[in-house]
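Colleague: Could you take one part of this model and walk me through it closely? I'm after the interior packing and whatever sits around it.

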Amino acid sequence: MAADLGTFPLGGPVPAGDVVDRADFLDRLCWELGQGHAVLLAAPRRTGKSSAALAALRRLAVTGTRTAAVDLFALASVRDLALQIADAAVTAAGGGVRVDAARAGERLARALAIDHVRVALAGLEVEIFRDPARADPFELLDRALRMPEALAERGGTRFVLLLDEFQEARRLGGDDLLRRLRATMQTQRLTTYLFCGSQAGVMRALFGQSRQAFYRFAHPLELPPIPDGAWRDYIAAKLGDLGRGATDAAMAVVLEATGAHPYDTMAVASRALYLVERFGRQQVDADLAREAVAAVERELAVVLEAELSAMPPRAREILTHIATASPVYAESRAPATLARVLHGLIADGVITRRGRGRYAIGERMLARYLAARG
Ligand SMILES: Nc1ncnc2c1ncn2[C@@H]1O[C@H](COP(=O)(O)OP(=O)(O)O)[C@@H](O)[C@H]1O
Ligand SMILES: [Mg+2]
């Protein structure tokens, strides 16, 4: 069972009832996947990629499509990736007993002194190695990737596999791994891949540059912004369930401060709920909303500072210029470098171009943080 993430779920993919807006986007995403088109979702952290991707998987599962999700972020090796994909496939096959069965398989292989055994798990043929640590990781990966395809063939359905934080593949196995993945994936007829990645620039390059392994392998979709009205309705309904509410002025304070950014808005809503409960109030008013905003700004500073310090110094400088509305081309020390850094920030989804020499920072709380920090 998924973790209970609270009234205003924060930090991870949100449960079905908390996916604000996204209805049109999910229609489109599910349609593409249903057509067998691989899809790429590349956007910065905390913008709702995993939430949307998992919502799409849940919806597809209802119509009989087999689905599974693997997050590459926490994995340490190609072997881990292979085992995760195999595990996800067996789980999707309905094998709730998978761990026990795998252990029994290992014991059997050891007892028989053979390298591996083949077992049927929930109608899926699985090979279990006596000593998985000694099997060639790329070989394991090829076998793992064949499992969803085999399942789909058997079930006469499609299999949609979400590979989240996919840019991590390069860390796990470099270009060798990427080429290997692509080579296997492109021969599959019934397995459709949904790739998500927070290092948007890296992801766009991987799928968009002709010398890259995944060139044109997936169709890029943009996560649209969540409209203010959808947030107002959601926050009002959530507070209403708890016998509380928020004034229009309070909602305006929240959305003005967050720019409707998914994580930041959820964080302020959650903080506002904490404050009304703590003060034994019934309504979130504008003052309380401002207090919630200030509290989230303080907490977010640590995260934003860490993200900024991971950027090249030149990028930080240029972001500060944009945040303080000073023209970026005014300091034309090295126009070529400037153009390259701007291009990188756009590719990463951190800024958007608003006209000649004009740019805007996507996350409003980041823009304000930078402006205050100077
Ligand atoms: N559609 C959405 N509706 C409501 N909250 C969202 C939505 N998308 C993202 N969030 C908020 O942002 C947080 C991070 O979402 P997540 O999907 O994990 O982002 P990502 O995968 O892009 O890092 C969630 O825990 C939630 O608070
Ligand atoms: Mg995510």
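Modeller: Let's start in the middle: the largest nonpolar core has 57 residues, and A53, A89, L162 and L194 touch the most other members. A nonpolar core here means a set of buried Ala, Val, Leu, Ile, Met, Phe, Trp, Tyr and Cys residues joined through C-beta atoms within 7 Å. Its largest share, 8 residues, comes from helix 3 (residues 78-92). A second, separate core of 43 residues includes L239, V296, V350 and A367. As a rule, nonpolar side chains tend to be buried together in soluble globular proteins.

Before going on, some ground rules. This is a predicted model, in which local features need pLDDT of at least 70, side-chain atom pairs count only at pLDDT 80 or more, and totals for chains, interfaces and linings use all residues. Residues are numbered from 1 along each chain as its sequence is written, while chains are lettered from A and ligands numbered from 1 in the order in which they are written.

Back to the core. L194 touches L33, V39, A53, V160 and L162, leaving out residues up to four places away in sequence; a contact is a pair of C-beta atoms, placed from the backbone, within 7 Å.

A53 takes us to helix 2 (residues 49-62), with 14 residues and a reach of 20 Å from first C-alpha to last, close to the 20 Å expected at 1.5 Å a residue. That expected span is 1.5 Å times one less than the number of residues, and helices (H or I, at least four residues) and strands (E, at least two) are DSSP runs numbered from the N terminus. Helix 2 is mostly covered, with 10 of its 14 residues buried: K49, S50, S51, A52, A53, L54, A55, A56, L57 and L60. Buried means 20 or more other C-beta atoms within 10 Å of a residue's own, exposed means 12 or fewer, and partly exposed is in between, with C-beta atoms placed from the backbone. What do those buried residues of helix 2 pack against? Helix 1 (23-34), strand 1 (39-42), strand 2 (66-71), strand 5 (159-164) and strand 6 (191-197). Just after helix 2, G64 takes a positive phi of about 100 degrees.

Helix 2 also helps to surround ligand 1: along with helix 10 (262-278), it gives two or more residues to the shell. That shell has 21 residues, with V20, G48, S50, S51 and M266 coming nearest; a residue counts as near if its C-beta atom, placed from the backbone, lies within 6 Å of the molecule. Split by class, you get 9 nonpolar, 7 polar and 5 charged residues. Because domain 1 (23-96 + 135-220) and domain 2 (228-306) both give residues to the shell, ligand 1 lies between them; the bounds come from an automatic or database domain assignment.

A couple of backbone oddities are worth a glance. Most residues other than glycine have a negative phi. D21, in the segment before helix 1, has a positive phi near 60 degrees; D21 is buried, since 20 other C-beta atoms lie within 10 Å. E165 sits in the loop between strand 5 and helix 6 (168-185) and has a positive phi of about 50 degrees, though it is not a glycine. E165 counts as buried because it has 21 C-beta neighbours inside 10 Å.

Next door in the chain, helix 6 holds L172, which is partly exposed, with 18 other C-beta atoms within 10 Å. Setting aside its neighbours within four places in sequence, L172 is in contact with L72, L75, S77, V78, L81 and L177. The C-alpha atoms of L172 and A76 are separated by 6.5 Å, although the two are 96 residues apart along the chain.

For the wider picture, the protein has 14 helices and 11 strands, and 38% of its 374 residues count as buried. Of the contacts with a separation of 6 or more, 69% join residues 24 or more positions apart.

Note on methods. Two residues are in contact if their C-beta atoms, placed from the backbone, lie within 7 Å. Ala, Val, Leu, Ile, Met, Phe, Trp, Tyr, Cys and Pro count as nonpolar, Asp, Glu, Lys and Arg as charged, and the others, Gly among them, as polar.
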